[in-house]
Amino acid sequence: MILIVAKWPVKPEFADQWPELVREFTDATRAEPGNKFFEWSRSLDDPHTYVLVEAFDDDAAEAHVTSSHFQVATTELPKYLERTPDIVNVTVDQDDWSKLGEMSVD
C-alpha cells in the first residue's frame, strides 16, 4: 500500500476551524475506492499543525490525485496554510495496520 504522512502548518487564525475546512475533502477521499484510511490529528507540540496519515491501495493513488475533490483542495486549502506541507510518501509491503507488539494489551 502507499502510505503518506503529511504535516499541515495551518495559519493560527484558521487552526480551530481546520477540521471543518477539510471536511468535504476528507469525506470524499475516504469514499474513494482503494482508500484504506485518511486520518487527521492535531499536533501536541504545535496546535497550528495538523498531521494527516493516509493510505491507498497501490493502484488507487492516480485516481486520488486526479479526482475533482483533490483538485478543489489543491486550489482552496493553501490559503489557510502558513507554508507548504511536509510529506513522507512510501510504498510499504502490507495491506493495513499491524499490531504494536511491544505495547500488547491482554
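**Reading burial, salt bridges and fold**

Student: When I read the accessibility of a residue such as E20, should I call E20 buried or exposed?

Tutor: E20 is exposed, because its relative accessible area is 51% and the label begins over 50%, with buried meaning under 20% and partly exposed in between (1.4 Å probe, protein chains only). Please keep in mind that this is a predicted model, in which local features need pLDDT of at least 70, side-chain atom pairs count only at pLDDT 80 or more, and totals for chains, interfaces and linings use all residues. Residues are numbered from 1 along each chain as its sequence is written, and side-chain values use heavy atoms, hydrogens and water being left out.

Student: With which residue does E20 form a salt bridge?

Tutor: Side chains of opposite charge can pair when their charged atoms come close. Here E20 is joined to R23, with 2.9 Å between the closest N and O atoms, which satisfies the criterion of a Lys or Arg side-chain nitrogen within 4 Å of an Asp or Glu carboxyl oxygen. R23, for its part, is labelled partly exposed because its relative accessibility is 39%.

Student: How many salt bridges does a search of the whole structure find?

Tutor: The search finds five, among them the bridge between the side chains of D16 and R42, whose N to O distance is 2.9 Å. That pair ties together distant parts of the chain, 26 residues apart, since D16 sits in the loop between β1 (2-9) and α1 (18-21) while R42 belongs to strand β2 (residues 35-42); such elements are DSSP runs numbered from the N terminus, helices being H or I of at least four residues and strands E of at least two. D16 is exposed because its relative accessible area reaches 64%, whereas R42, at 34%, is partly exposed. One of the five is also the bridge of E76 with K79, where the closest N and O atoms are 2.8 Å apart; E76 is partly exposed at 35% relative accessibility, and K79 is likewise partly exposed, at 44%.

Student: Is E54 buried or exposed, and what is its relative accessibility?

Tutor: E54 counts as buried because its relative accessibility is 7%, and its place is in strand β3 (residues 49-56). Once neighbours within four places in sequence are set aside, E54 is in contact (heavy atoms within 4.5 Å) with I2, L3, I4, F37, F38 and H64. A separate reading uses backbone positions: the C-alpha atoms of E54 and T26 are 10 Å apart, although the two residues are separated by 28 residues along the chain. For contrast, you might look at D96 in the segment after β4, which is partly exposed because its relative accessible area is 43%.

Student: What pattern of helices and strands does the protein follow along the sequence?

Tutor: The order is β-α-α-β-β-α-α-β, built from four helices and four strands, and strand β4, which contains V88, covers residues 86-91. To see how the chain is packed in the sequence sense, take the contacts with a separation of 6 or more: 73% of them come from residues 24 or more positions apart.

Student: What share of the protein's residues counts as buried?

Tutor: Of its 106 residues, 31% count as buried, and the C-alpha atoms occupy a box of roughly 40 × 35 × 20 Å along the principal axes.
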